[in-house]
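Here are some notes on the model we discussed, set out as numbered points so that each can be checked against the coordinates.

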Amino acid sequence: MALDPEFKPDHGDWYCTSCDVPLQQQKVQVLYMNSAFDVILPRCPECGLTMIPESLANGKMAEVEALLEDK
Amino acid sequence: MPGGVLKPPPGFLAITALSRCPLLEQSRLRDFEARCTQESPPRCRLHCPLDMDVRAFMAAIAASRPNEARKLIERHLPLPAVLCAVCDHPCENACLRRDLGGSLAIAELERFCLAHTGPQMRILPRPPKKQRLAVLGAGLAGLTVAFDMGRKGFPVTVFDSDRVNPLLVAFPQLPSAAVEEEWQGLVKNRVSFKAVPFEDEETAGMLLTELERDFDAVFLDASRYAFAPERQCLAPLTLHWRDKVCAGGWSDVTPTGARYASASRQAGDGRLAGITLQRIMGGVSLDAERSDTRDSRLHTPLNGIEPSPRILPANDTYSASEAVAEAERCLQCACLQCVQECVYLQKYREFPRLYARRLFSNATVVKGTRTTANVVMNGCAMCGQCETICPENFSMAELCLEVRRDAVARDVMPDSAHAFALEDMEQACGPDCAFLLQDRSLPQGTHAPRLFFPGCQLAGSRPEQVFSMYEWLRAALPGGLTLLSTCCGIPAHWAGREALFARHAAQLRTLWEHNGRPEILAACSSCMAMLNLSLPEAHIVSLWEVLDGLMPQFVHTATTHAFPGRLTVQDPCGARHDPAWQKAVRSLASKAGVELQEPTRSGEATACCGYGGLVWNAQPELAATMTQRRAQALGGPMLTSCIMCRDRFAAILAKPEDSWHLFDLLPQTADLIPDRGVSGLSARRAGRATLRRLALGPGLEDDPQKKFPLHIPDTVLASLEQQFILRQDVVDAVQGIERTGARFKDRESGYFLGSWRPRRVTFWVEYRADADGGFTLIRAWCHRMVVPGAIQPSSEVILEKRIRA
């Protein structure tokens with residue numbers, strides 16, 4: 001049930017508007033229903049603002065949410 | 001006026017007992033299981049003393065798998081070569097095909113099977129047991145005892161004058177080769193034969209006494225010895241005669257007094273007695289856990305089955321193709337009446353008895369095992385159709401409601417299943433939408449004798465029509481009319497949230513009592529059911545009955561749309577047991593001049609549109625299939641009296657305007673249809689607020705959504721609806737993101753992207769800033785997982801929590 005380790009933005013060349021720096025792929029822990037997963041996601045290296053691309057939210061993430069809910 | 005005394009429809013359980021054990025009781029499972037007869041044996045098997053699985057046998061022959069069929073014969077029938085040759089097949093008399101072309105030729109097909117296949121099961125001899133068994137008399141009952149007990153490892157000795165003749169005498173048509181063939185098998189299983197002179201009864205009686213002394217148990221074949229007791233002297237369940245002796249194998253008597261040997265009955269006696277003899281040798285109770293009554297309740301619907309004559313063999317016996325054709329006539333008796341009607345029951349390819357078992361075992365297993373309990377319990381529309389169709393009234397609604405309540409009590413109900421519906425309920429009851437309007441024509445401090453309760457979905461979809469209807473009713477009904485717009489609480493009920501429902505019911509009660517306990521006019525059948533639960537002493541009547549009484553005739557005057565002409569009537573599942581509702585709807589439609597058609601399932605047996613039980617929230621695809629299926633069954637333009645039926649059909653029809661609500665035919669409301677298209681989730685929320693403004697006055701015009709300039713293209717809005725994202729959610733998100741400035745920007749497109757987590761859902765919005773200072777939404781998505789750093793406005797809090805953890 002492990003998430004694939006790395007997810008990049010679906011498209012575009014994104015930067016954080018508050019810090020004005022490009023995003024970096026960084027390890028983040030996502031949490032749901034007493035479970036945690038390490039995922040590498042686009043993130044602002046300064047403020048930590050993290051992006052969840054649409055394909056991840058509606059794909060793997062929705063799948064894992066359903067799995068955990070049905071446990 | 002009738003009303004107020006309706007019994008709650010199925011699935012709408014009384015909520016009197018709020019305190020209950022958190023884990024479901026096994027006895028409840030038994031109660032549920034007992035009401036589904038699908039696992040009860042079909043009549044052929046029920047009437048076979050040897051419990052032959054005729055239905056499976058027929059299926060195997062029809063599928064051209066005679067080896068598989070032979071395995072069934074070997075598993076169920078003792079001495080197959082003998083029995084298949086002489087069986088008097090009581091199964092054929094019981095066959096439901098009897099009056100539909102003639103019973104299946106079961107005995108002939110068994111003979112075909114034996115003739116065209118070799119032995120299939122290798123019987124491995126069991127380790128020999130210590131106890132020894134004597135069988136006095138080599139009739140069919142005696143040899144059946146020897147067959148069964150020999151296979152179980154008991155050394156058996158059969159005593160008679162000859163080992164073959166007794167059967168040939170009883171069944172003259174039996175070839176001696178068949179008996180010899182079976183004896184070969186018996187010998188392999190440690191059955192031996194000992195010839196004893198068959199002189200007179202007295203000698204045989206003395207022999208029996210000796211056998212009783214020398215063996216651990218004895219069977220006496222009554223077809224061979226007249227001193228055996230009569231059948232009626234023995235307990236039919238055990239055939240126990242005395243001490244260690246059982247008897248069986250009597251001949252039968254026809255109604256005209258002729259004696260004959262029934263092979264099935266004699267072999268059945270042998271099998272029954274064998275079990276008793278084994279118990280005698282084991283020193284255990286002879287009748288514990290045994291029953292001579294079998295469940296005969298399997299309901300097999302025969303409507304629509306065409307007669308089909310029995311296939312007769314062209315020669316003496318069936319050819320392979322004749323056998324298949326004959327076996328194909330088998331009805332494969334099964335109930336499944338509810339399953340045939342219900343998309344949800346079909347989904348997991350099971351029937352209610354198995355669903356009950358699965359749901360109960362899932363509710364009691366240790367947490368952590370992957371199960372499908374949630375999808376099963378949350379897929380039921382709780383519409384009550386199965387209960388109405390089922391001859392034993394099995395209610396999936398009742399079952400699923402209990403299991404949902406249990407899941408809520410144990411805190412294992414997934415948040416996502418009903419969260420949106422419960423938030424919707426909260427909004428409908430909240431300050432933006434809920435209100436109570438006293439009749440302004442009445443003096444201060446007096447209460448109108450009636451209250452109009454349109455229901456939050458009708459209010460959301462058709463606010464102008466609701467208000468117009470209220471104004472008309474207020475003038476038409478003596479003493480004035482109060483208007484109450486709020487939720488009836490059914491989302492909480494369906495979600496299994498008993499405490500929430502009880503709290504809401506208490507609020508409704510307070511309102512009702514403070515307003516002089518008025519009679520309630522309800523425009524939604526689900527609301528009626530819930531109000532009957534919350535306010536059992538209130539007099540509750542459907543709006544349609546009131547209108548039907550108030551308008552002896554009227555003219556269809558709508559100018560905004562063409563007159564429908566002919567419509568198929570869709571009874572809402574909530575009004576399944578409310579004939580007064582159904583009658584009033586039909587009466588009003590005919591007064592409007594509409595020609596009504598009845599669908600295949602209507603009235604009490606109507607089918608749900610997919611809104612019931614919150615399936616639309618928990619499993620939208622399943623709900624959509626329900627809607628599709630029902631719309632197809634209706635077959636054309638339809639008339640609904642429930643706004644959810646109307647809106648769900650409209651959403652899938654090529655022409656949404658083919659889905660009519662009764663309001664669209666009535667003179668008070670027909671010209672106020674807001675949009676003949678689809679009323680979405682966001683529109684319905686806005687609609688409730690609109691009704692509030694219409695009722696309480698324009699001074700309350702304060703719609704924050706209108707102030708914030710976010711443009712949402714129609715295609716994007718449709719995608720939001722599918723994901724249960726509201727217009728308000730994305731407006732809040734863009735507004736919040738712009739306020740905090742925490743967002744990403746794409747150098748290529750110039751679009752912004754940010755997230756907002758106002759509750760246990762994170763919304764992502766991708767949008768662009770327009771030249772006029774407003775914004776346009778490009779797309780949006782959401783998830784429930786918590787991602788530190790992706791949350792606004794409380795990302796710091798979440799991060800800290802994570803660090804502490």
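The points below take up the interface, the sheet, the salt bridges, an enclosed strand and two backbone angles.

1. Please keep in mind throughout that this is a predicted model, in which local features are taken only where pLDDT is at least 70 and side-chain atom pairs only at pLDDT 80 or more.

2. On the interface as a whole, 33 residues of chain A and 40 residues of chain B take part in the contact. The size of an interface is often expressed as the accessible area that is lost when the parts come together. For chain A and chain B the buried area is about 3,300 Å², and carbon and sulfur atoms contribute 57% of that area.

3. On the polar side of the interface, 12 residue pairs are in polar contact between chain A and chain B, with both residues at pLDDT 80 or more. The elements of chain A that give two or more residues to the side touching chain B are β1 (14-16), β3 (24-32), β4 (35-43) and α1 (54-69). The most is given by α1(A), with 8 residues. By residue class, the side of chain A that touches chain B is made up of 18 nonpolar, 8 polar and 7 charged residues.

4. The count of salt bridges between chain A and chain B is 2. One that deserves inspection by eye pairs the side chains of A:E54 and B:R779, with an N to O distance of 3.5 Å.

5. The two chains also share an open sheet of 7 strands, whose order is β2(A)-β1(A)-β19(B)-β20(B)-β21(B)-β22(B)-β18(B) and whose pairing is mixed. At its edges lie β2 (21-22) of chain A and β18 (710-711) of chain B, each of which pairs on one side only.

6. Where does the sheet pass from chain A to chain B, and in what direction do the strands run there? The join is made by β1(A) and β19 (residues 744-746) of chain B, which run antiparallel and are linked by 3 bridges. Within this pairing, A:C16 has B:F744 of β19(B) as its bridge partner. At the edge in chain B, by contrast, β18(B) runs parallel to β22 (residues 775-783) of chain B, and 2 bridges join the two strands. There, B:L710 stands opposite B:F775 in β22(B).

7. Over all chains the count comes to 56 salt bridges, and two of them lie within single helices. In chain A, A:E63 forms a salt bridge with A:K60, and the closest N and O atoms are 3.7 Å apart. Because these residues are 3 apart in helix α1 of chain A, about one helical turn separates A:E63 from A:K60. Both ends are partly exposed, A:E63 with a relative accessible area of 46% and A:K60 with 26%. In chain B, B:E471 and B:R474 meet in a salt bridge at 3.2 Å, N to O. These two are likewise 3 residues apart, in helix α22 (residues 463-476) of chain B, and about one helical turn separates them. Here too both ends count as partly exposed, B:E471 at 31% relative accessibility and B:R474 at 26%.

8. A salt bridge of another kind joins B:E398 to B:R35, with the closest N and O atoms 3.9 Å apart. B:E398 lies in helix α19 (residues 396-409) of chain B, whereas B:R35 lies in the loop between α1 (26-34) and α2 (43-46) of chain B, so the pair ties together parts that are 363 residues apart in sequence. B:E398 is buried, with a relative accessible area of 16%. The pair belongs to one network, in which salt bridges with shared partners join B:R28, B:D31, B:R35, B:E398 and B:E402.

9. Strand β14 (residues 566-570) of chain B is largely enclosed by the rest of the structure, because 4 of its 5 residues are buried. It runs parallel to β15 (residues 595-597) of chain B, and 3 bridges join the two strands. Among the paired residues, B:T568 has B:Q597 in β15(B) as its bridge partner.

10. Lastly, two backbone angles merit a second look, since most residues other than glycine have a negative phi. Phi of B:L79 is near 45°, a positive value, and B:L79 sits in the loop between α4 (66-76) and α5 (80-86) of chain B. At 1% relative accessibility, B:L79 counts as buried. Phi of B:H89 is also positive, near 35°, and B:H89 lies in the loop between α5 and α6 (90-94) of chain B. B:H89 is partly exposed, with a relative accessible area of 26%.

Note on methods
Residues numbered from 1 in each chain as written. Chains lettered and ligands numbered in written order. Heavy atoms only, no water. Pairing = 2+ DSSP bridges. Contact = heavy atoms within 4.5 Å. Buried area = accessible area lost by both parts, 1.4 Å probe. Salt bridge = Lys/Arg side-chain N within 4 Å of Asp/Glu carboxyl O. Polar contact = N/O pair within 3.5 Å; in protein donor to acceptor, adjacent residues only side chain to side chain. Nonpolar A, V, L, I, M, F, W, Y, C, P; charged D, E, K, R; others polar. Buried < 20%, exposed > 50% of the residue type's maximum accessible area, 1.4 Å probe, protein only.
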